[in-house]
Amino acid sequence: KTSTRKNETEKDTSPLRSLMLTRQDIPDATDITWPTGTEQMSICYADSTLDATISQTPETSSIERIETGSASVTEALVLNINEPSPGSQARWLRDAVTDCDGITSAQPYLWPSSPTPSSGQDVSMTITSLDPAGLPDGAFGFHQTATTQVETGPATTAIDTVYAPVMHDDQRGIIMVRTAVPDDGTPAPDITDLLTTALHRADATLDLTQLTPRPSASTTSPTP
């Protein structure tokens with residue numbers, strides 16, 4: 001096999017990069033980077049839950065961020081998850097998203113995007129769960145708005161984040177896709193379309209079994 005030096009370098013850095021979204025999947029994509037974490041772009045603790053999962057499986061996880069002129073798309077892919085029981089990480093993520101529905105915060109250190117608020121500025125962030133009916137069966141996520149004051153008035157960033165428990169070959173995994181755009185009429189890339197494309201790129205299928213705890217190996221005899 002022959003390959004370019006760039007592809008060899010990327011493969012050495014993370015074998016999963018070939019299984020993730022590409023510039024061609026994002027209209028008007030201008031740049032792609034590979035962060036080491038999900039960058040805490042939300043006030044929902046699902047972010048830290050996913051980061052912990054990634055840190056436990058650095059050899060089988062990868063994060064990318066694709067920028068356009070007006071939007072950013074982040075994908076995290078984690079395979080061969082290190083977890084105490086099958087599907088426990090996916091269930092923790094689902095529970096975190098459920099718990100975050102309706103929460104608000106005013107913590108500028110969790111600001112998701114430019115413009116960054118100045119010291120003393122009012123910051124308002126709110127999360128609402130995404131309607132499961134609008135997502136593939138088994139996927140779940142939330143919508144976050146983050147608003148601060150700039151010279152021309154309030155500036156709001158809108159973020160959609162969706163998680164999906166998946167199977168790739170015989171490996172349990174999780175895919176996260178996030179979009180962030182100014183909430184000023186700028187169209188956001190469709191989160192459902194991106195998840196569908198991410199599943200195709202990863203050669204993965206949604207795995208609903210991760211969301212249902214498996215019965216304990218120990219069973220009791222039925223009562224006569």
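**Figure 1. The aromatic pair of F140 and Y163.** Both F140 and Y163 are buried in this predicted model, and the structure holds one aromatic pair. The ring centres of F140 and Y163 lie 5.8 Å apart and the ring planes meet at 25 degrees, so the pair is classed as stacked, the cut-off for that class being planes under 30 degrees apart. Distant parts of the chain are linked by this pair, since F140 belongs to strand β6 (residues 140-150) and Y163 to strand β7, with their positions 23 residues apart in the numbering.

**Figure 2. Strand β7 and its pairing partners.** Of the 16 residues of β7, 13 are buried, and the strand is therefore largely enclosed by the rest of the structure. Strands β7 and β8 run antiparallel and are joined by twelve bridges; P165 has I174 in β8 as its bridge partner. The hairpin made by β7 and β8 has two residues between the strands, and within this hairpin D169 takes a positive phi near 55 degrees. Strand β7 also pairs with β9, in the antiparallel sense and over two bridges, where L206 in β9 is the bridge partner of V166.

**Figure 3. Strand β3 between β2 and β8.** Eight of the eight residues of β3 are buried, so this strand is largely enclosed by the rest of the structure. The side chains divide into two sets, with S72, T74, A76 and V78 pointing one way from β3 and V73, E75, L77 and L79 pointing the other way, all of them buried. Strand β2 (residues 61-68) pairs with β3 in the antiparallel sense over seven bridges, S61 having V78 in β3 as its bridge partner, and these two strands form a hairpin with three residues between them. With β8, strand β3 pairs in the antiparallel sense over eight bridges, and here L79 stands opposite G173 in β8.

**Figure 4. Helix α4 and the strands it packs against.** In helix α4 (residues 191-201), the buried residues are I191, L194, L195, A198 and L199. They cover an arc of only 140 degrees around the axis, which puts them on the same side of α4. An α-helix has 3.6 residues a turn, so residues three or four places apart point the same way. The buried residues of α4 pack against β3 (72-79), β7 (153-168), β8 (171-182) and β9 (205-206). At the N-terminal end of α4, D190 acts as a cap, with a side-chain oxygen 3.1 Å from the backbone nitrogen of T192, whereas just after the helix D203 takes a positive phi of about 50 degrees.

**Figure 5. Helix α3 and the residue G102.** Helix α3 (residues 88-100) has 13 residues, which at 1.5 Å a residue should span 18 Å, and this agrees with its end C-alpha atoms being 18 Å apart. The buried residues in α3 include S88, Q89, A90 and R91, together with L93, A96, V97 and C100. Just after α3, G102 takes a positive phi of about 90 degrees.

**Figure 6. The protein chain as the setting for the close-ups.** Four helices and nine strands are present in the protein chain, and along the sequence they follow the pattern α-β-α-β-β-α-β-β-β-β-β-α-β. Of the 224 residues in the protein chain, 46% are buried. Among contacts in the protein chain with a separation of 6 or more, 65% are accounted for by residues 24 or more positions apart.

How values were computed. Residues numbered from 1 in each chain as written. Predicted model: local features only at pLDDT ≥ 70, side-chain atom pairs only at ≥ 80, totals over all residues. Heavy atoms only, no water. Buried < 20%, exposed > 50% of the residue type's maximum accessible area, 1.4 Å probe, protein only. Arc of directions from axis to C-beta. Contact = heavy atoms within 4.5 Å. Polar contact = N/O pair within 3.5 Å; in protein donor to acceptor, adjacent residues only side chain to side chain. Expected span 1.5 Å × (residues − 1). Phe/Tyr/Trp six-rings, centres within 6.5 Å; stacked < 30°, edge-to-face > 60°. Pairing = 2+ DSSP bridges.
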